[in-house]
Structures are given as C-alpha cells and as structure tokens.
Amino acid sequence: MIEEISIRDLGVIGEARLPLGPGFTALTGETGAGKTMVVTALGLLLGERGDSGAVRSGSPQAIVEGHWQIDGTGAVADRVRDAGGDVDVAADGRAHLILGRSVGSDGRSRATVGGRSAPVGVLAELSPHLVVVHGQSDQIRLKSAVAQREALDRFAGAPLAALLGDYQDAFQRWQADRAELDLLVAERDRRVREAEELRIAMAEIEAAAPQRGEDVALAEQAERLTNLEDLRIAATEAREAVSTQLGDGADATALVDSARRSLDRVVAHDSTLAPITEQLDAASFALAEISGALSSYLGGLDADGARELEGIQERRAALTALTRRYGPSLDNVIDYLESGSTRLLELDNDADRIEQLTAEVDAGLARVHDLAARLTELRRAAASRLQDAVSAELQALAMPDARLTIEVDERELTLTGHDQVTLLLQPHPGAEPRPLGKGASGGELSRVMLAIEVVLAGSDPVPTFVFDEVDAGVGGASASEIGRRLAKLAQTAQVIVVTHLAQVAAYSTNHLVVEKGTDGSVTTSNVRLVHADDRAFEMARLLSGSPDSEHALAHAKELLEQAHGTWV
C-alpha cells in the first residue's frame, strides 16, 4: 500500500505531503484547488509520461516521491532489486520502498527506484502490481469490447490465464507456420525459376571444375610461354658465358681454372694463399653446377610452346567467363558452387516443405480451435458468475432493479481467442438490455465499474485502488451507496478516492483536503489531514458550498454518524 506521497512544484501545488495508509482515504477540495495534480503525481510515480507544462511556473522541476509498503519477497521487490534498488525487509516480511520522479521545465524526466536511478520504464513495469487507477476516462474505456473482455478474464482468474497463455503460444506458432506456407506457395514459380537457373550454373561450374589458385598458376605459365624465345636466348648466352664446353673459349670456368692453376704453382711458398686457392676451387665447382642447371633449363624449354600456350589461353578464357557470371574472383565462383548447391537442395525440397507445412498448419489450426473453444467455455462459466455478482452489487448501489448481462459471442480468431465479450445493462425489468457503450449514463457507468471492481477484488486482489471522481453524475442515495461500497472494498485493499460528494467522503477513514491560497500574484495549494470539526466543516462545504451553514453542518454530522456511528 501507499504510505505517503510528497509533492513539490507540481501545478498549483507548491509543497504538500499526503499521509495515506490503509483503509479508505477521501481527497476533497474546491474546484481548481489541485486535486487533479494529486492524481497526476501518482501517475508520474507509476511511469506515465511527464509533461513539462505541469511544472509549477518559475520552478526548475517538479518532484514527486512515494513511500510504499510491499511484500519483501514478492514480484515488486524482485524487480526493484533487478533494477539495482534497495529493499529493506523487516522481520515480518514487509518491506519499505521509495519511488521518485522528477520532471524538469525543459521536459527532462528522471526516476529513482529504491534509492537508485532507473529508467522510467521500470516504474511502468511496477505499476500493475502496485495500483489500479480509475477515472472518468476508464468509464469510457469500459465501453470497449477489449476492456470488457479483460475484466471478465481477470474475474476468471488463474485457470483462464494459464489456458490463455497456451492458446497464445499455439496461435502464434500457427500464424508463423501459415505465413511461411503462404510465402512458399506465393513464391513457388519464382523459386522454381531460381532452382532452374541454379542448376544451369552448377552444371557449368562443375563442368569447368575450377581449382582454387588455378587462374594465378595459368597466368604465370602464359607469361613464360609468351616469352619462350627470349628465355631460350638469354639462358644460352648465360651458359656460354659460364662454360662454352668447347675448351678454347675464355668462359668463366676456364678463367677460374687458369687462376687456380697459377696459384697452385706457388702456394707451397706462402701458406696464406691456401684459403684463396680453396675459394677458387669452390667457385669452379659452383660454376660447373650453374652450367649444368642452365643446360637442364634449356633442355626443359618446350620446343612446341605455341601449342601449349594456346591451350592455356583457352582455359584462362573459360575461367574468366565463369568469374564474369558468378563472381569477381575464381574463389568466389567456387564459393558460389558450394553455397548454390545448398540453396538448390533447399529449393528442391519446397514440395516436401509445403506438404509438411500444410499438415502442420492444419494441425495447428485444429489445436487453436480446440483451445479457443475451451477459453469460450471458461469465459461463459465466469460470465454467469460475474453477472450475478455484479447485479447483486448494483442492487446495493441504489440500482435495485438493474441487472448486468454478459454475452460471450464467437467471432474471428485473434490473439485472445475467438470471443467477443459484451456487457449489457438492463436498468429495470421489462427494459431491453443494452450495451454499456450505448445505453448507460455516466452515473450508471460509475456504479457498474465500482460494482465490477468490488467483485474482482475478491478474486483478483490489488493492493491499492485510486478512483478519480468515479462518482461523477451521481448524487443523493446513490452517492451514499457508492461510499458504502468503497468502504467495503477498503476492507481488502487500500482505496483512495478523489471526490466532490460528501456522501462518498463520509465513509472514508482518512480525509485529506486540498486547499487553495494566494498571495495576490501566485496561487498555491497544500494538503491538510482533517479530523472532527474540521472534517465536519469540509463536509458542510461539499454539501452546500458554505462551511458555516448550520443546516449543512448538521447534515454533515448526520452523514458521518451514519457511516461511522459518530462524526468525530
């Protein structure tokens, strides 16, 4: 529950503290005093969008802080810890949680959860577990089929929620399979053409059988064969320079041998010439090897290089044609052969996949229909119980002859089943039941919504309910019954009501008054907790507009006595 809310510089509220606590809290005040700002402040703590226009004029930012008492081991505490916030758990398992929100005049917003900065989205995630807010906009929403189905599903409780989860999983799988099947069927002709083109490409590449690096090797061979004559002349000249093999030429081998013989004649006279002689021996041996290598090279040059070059150029042309069609390089062509084979296998399996998907879609649809039928069965059973319970509540809300009827009709399949839920109100016997969206007045909608919440609170408890002028369009005895029913709801949940009716406020156990003041130039509002005479004066003001009216004061005390046995 909410223990306290602090507000600073929000709208007309300069600074205010709202002590709340358990039970039924009524929030009253003159029109324009700032009651709506209290609901706005709570909305900011629940993650609603911040509006810089709500920041008090002249202030840099509006700040709201809320103190909650929560279950220290529940989902809220777990999410707060996930967000990095602190949760102090007492020995009895209860914990204290602080949520904060600031909105700057520049539109920037900041949130704190458990004393730590957090995204505003965390507040929005926590809000369904903390508070349910109802205002006049929610009365309008109650006219929608979606809101009516959600109310029925809440009443049906955990069994329906579990079944709905199974249904939604099956529905989404069926939709995904159907989408894939529709795509395969729609693109079947295109995929057939793609498969045929791939087959032609694969056959062409496989026939050529390219090897990685083959184009580079062929280019080197072509370069060699193109310059074959120049290579032969150069190698011949080099071999003759090393060794003419005729014995009478001044080649390198002969010259080195001559030098070695000259030194051999005198090396005995000077030992320092021995290493030089050895080097000349090594040079002679190296020249002999070079001469042999050149001879071998010349012997290996193909005399019919032109014919070989023609074959190489034809192969290079074939590979070039492949790279032009299937890739900028020969490696890309080979990669295309590998990936294309996989893709061709996938396309060739289309017929099998379509057959398989068709069976899966049929089976999935049958399961979806089965689960949808079970949802309908649960909803109709819950609708019967809910309409009886709400009708009983309406009798206690000064609508003794009214009856709520809930129809569950089958429509097309959606993510929530194939049910359309319609709430119909029969205001008195003999009248035709009419949908809430067409025949109910504002006051009737207020009471129907309150009756539904009272009934739902028994099966789907919520820690805190906030009603923002839910009693609009209601007065007299009906207003008193609304107050009594709110008090009943407050027995199992915290109830906070913004109201302008004394008959409703009389049943509260905690009464806060928003008061407006001015210094002549700036209007400010604050919030005050009232007891005893102060409360009676406020009730009198609500009744007559004048807190000093003796008749109004007497009526106020009478209302308090009816609600609590005393007006104090």
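What is the volume of the largest cavity? In this predicted model, the answer is about 70 Å³. Let's start with that space, then move on to the charged pairs.

The search turns up 1 cavity of 30 Å³ or more. If you would like to find the cavity on screen, select I5, L18, L20, V38, V39, L42, V466, I496 and V498, the residues that line it. Two elements each give two or more residues to this lining: α1, which spans 35-45, and β14, which spans 494-498. Helix α1 provides the largest share, with 3 residues. As for chemical character, the lining consists of 9 nonpolar residues, with no polar and no charged ones.

From a lining without charged residues, we can turn to the places where charges meet. Across the whole structure there are 22 salt bridges, and three of the pairs make good stops on our tour.

A good place to begin is D281 and R260, whose closest N and O atoms are 3.2 Å apart. D281 sits in helix α11 (residues 274-300) and R260 in helix α10 (residues 252-264), so this salt bridge ties together parts 21 residues apart in sequence. Neither end is hidden from the probe: D281 is partly exposed, at 36% relative accessible area, and R260 is also partly exposed, at 23%.

Next, have a look at D419 and R379, which form a salt bridge with an N to O distance of 2.8 Å. Here a strand is joined to a helix: D419 belongs to β11 (residues 417-426) and R379 to α14 (residues 350-396), and the two residues are 40 apart along the chain. Are these partners buried or exposed? Both D419 and R379 are buried; each therefore has a relative accessible area under 20%. The pair also has company, since R149 and D153 join R379 and D419 in a network of salt bridges.

Staying with helix α14, our last stop is D388, whose side chain meets that of R403 in a salt bridge of 2.7 Å, N to O. Once more the contact links distant parts of the chain, with D388 in helix α14 and R403 in strand β10 (residues 403-414), 15 residues apart. In contrast to the buried D419 and R379, D388 is partly exposed at 39% relative accessible area, and R403 is partly exposed at 31%.

Seen together, helix α14 contributes R379 to a bridge with strand β11 and D388 to a bridge with strand β10.

Technical notes
Residues numbered from 1 in each chain as written. Predicted model: local features only at pLDDT ≥ 70, side-chain atom pairs only at ≥ 80, totals over all residues. Heavy atoms only, no water. Salt bridge = Lys/Arg side-chain N within 4 Å of Asp/Glu carboxyl O. Helix = DSSP H or I, 4+ residues; strand = E, 2+ residues; numbered from the N terminus. Buried < 20%, exposed > 50% of the residue type's maximum accessible area, 1.4 Å probe, protein only. 1 Å grid on protein atoms, 1.4 Å probe; cavity = no way out; pocket = protein on both sides within 12 Å on 5 of 7 lines; lining within 4 Å. Points joined across faces, edges and corners; volume = space filled by probe spheres on them. Nonpolar A, V, L, I, M, F, W, Y, C, P; charged D, E, K, R; others polar.
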